[in-house]
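Me: Please take a close look at one part of this model, the open sheet. Walk me through how it is put together and what packs on it.

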Amino acid sequence: MTLSASSLLDKAARGERLDHSEVTALYSLPLPDVAAVAHELRLARTDPEVVTFLIDRNINYTNICNVGCNFCAFYRTARQKDSYVLDYEQISHKIRELEAVGGSRILMQGGVNPQLGLEYYTGLLQHIKRHHPTIRIEAFSPEEVLFMEKAFGLDLDTLLDTLIQAGLDGLPGAGGEILEDEVRANAAPARIRSHDWFRILDAAQRKGLYTISTMVIGFGESHAQRASHLLKIRDQQDRSLQLYGHGFAGFAMWTLQTEHTRLHGKAPGASAHEYLQQLAIARIALDNQPNIQASWPAQGFKVAQAALYYGASDLGSTMLEENVVSAAAGHDRHNATVRELVRIAADAGFRPMIRNSFFQPIARPDVEALLRPVHQEQPVGAD
Ligand code: SF4
């Protein structure tokens, strides 16, 4: 039986689980109505007064990649002049900059670089743990893990055990995009398929690694395909919570950026309106994931701030050095400062809190001091 719009919204507002056709139907409803429900659920599922963020750094250890996704402006072939592989000391230097601003984790990912052997990865993890013992290492997308499985001839369990032994703390769920293979094949024929993405994330969760779920919209996917993506994520979360006692720590969603990519002019991307709609629907559909991030790298600070009323409870992280989304977005914003994230949260009426990877608050920033005008006028007569 198909529910009327008001019955569907009432059901969602009660926090009842929606099926695929009901989630798909949300896309046809007025956005203010969907947003109001999403915001109520956000207030009920997380601390209603608080917006969290993390101080971290992105490190892209290599930009050489042989997958060649059509939507990627970051990767290079080994023959290109600006291709690179960072050595351990270069990576240490970046981590020291993070330590200097009180950061607690690195998000370390790179291209699929066939020149690198297993010893590069294990040596890198060991080096970081030895020289930066307080920094959590959340690293390697499922695409990179799939490459390592094949290139090094290791089964997934052995590979993950080897990386964990060397120092890996988490496996970010990058590369989720839309977990429908028809969409993936059009956007990137050689891209990891959804089955492998879930297989690798499930193994990581089974081994107790930190993970998050992700989504990117704007490939030209249908609303039904977006709904399928959300429900697959929700199913995996159910499974992981039931079997392993923990699951995705949070959900991050952003819009496809196509500047400088082969998809430029071929994929529609997504407007701010669509982004906010998708975020609100994710909040409603993902009833088992309380921590939902707003995305400032793709949408900018103003839309990220608005997102705090469309279901988001978190501003992601400072990033210090974001290279992948910004390359395809055609802008050079690579990071956010603590002050900027504090201002976004405070101006929207929330209490900003610094969190750890697991979305637990760890420090309350001094909002008054951070937001005090930097150039206060000197009083008359002052020297
Ligand atoms: S998105 Fe990742 S896997 Fe695809 S081309 Fe870029 S670096 Fe390679």
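Reply: Start with one pair of residues: Asp56 stands opposite Arg105 in β3. This is a predicted model. The pair belongs to two strands that run parallel, β2 and β3 (residues 105–109), with five bridges joining them.

Now widen the view. The sheet is open and has three strands, in the order β2-β3-β4, with parallel pairing. Why do β2 and β4 each have one side without a neighbour in the sheet? Both β2 (56–60) and β4 (136–139) stand at the edges with a single partner strand, so one side of each is left free of a neighbour in the sheet. Neighbouring strands here are turned against each other by 25° on average, with direction ignored.

A helix covers part of this arrangement. Helix α4 (residues 88–100) packs on the sheet and touches β2 and β3. The direction of α4 makes about 165° with that of β2.

Next, follow the chain beyond β4. Phe140 lies in the loop between β4 and α6 (142–152). Phi of Phe140 is near 75°, a positive value in a residue other than glycine. Is Phe140 buried or exposed? Phe140 has 26 other C-beta atoms within 10 Å, so this residue is buried, the cut-off being 20 or more.

The ligand is the last stop. Its surroundings include Gly111, Val112 and Glu143, along with Cys65, Cys69 and Cys72. Phe74 and Tyr75 are also among the residues around the ligand. By class, the shell holds seven nonpolar, two polar and one charged residues.

How values were computed
Residues are numbered from 1 along each chain as its sequence is written. This is a predicted model: local features need pLDDT of at least 70, side-chain atom pairs count only at pLDDT 80 or more; totals for chains, interfaces and linings use all residues. A residue is near a molecule or strand if its C-beta atom, placed from the backbone, lies within 6 Å of it. Ala, Val, Leu, Ile, Met, Phe, Trp, Tyr, Cys and Pro count as nonpolar, Asp, Glu, Lys and Arg as charged, and the others, Gly among them, as polar. Two strands pair if DSSP finds at least two bridges between them. Helices (H or I, at least four residues) and strands (E, at least two) are DSSP runs, numbered from the N terminus. Axes are lines fitted to C-alpha atoms, for helices over the stretch in contact, and angles run from 0 to 180 degrees between N-to-C directions. Two residues are in contact if their C-beta atoms, placed from the backbone, lie within 7 Å. A residue is buried if 20 or more other C-beta atoms lie within 10 Å of its own, exposed if 12 or fewer, and partly exposed in between; C-beta atoms are placed from the backbone.
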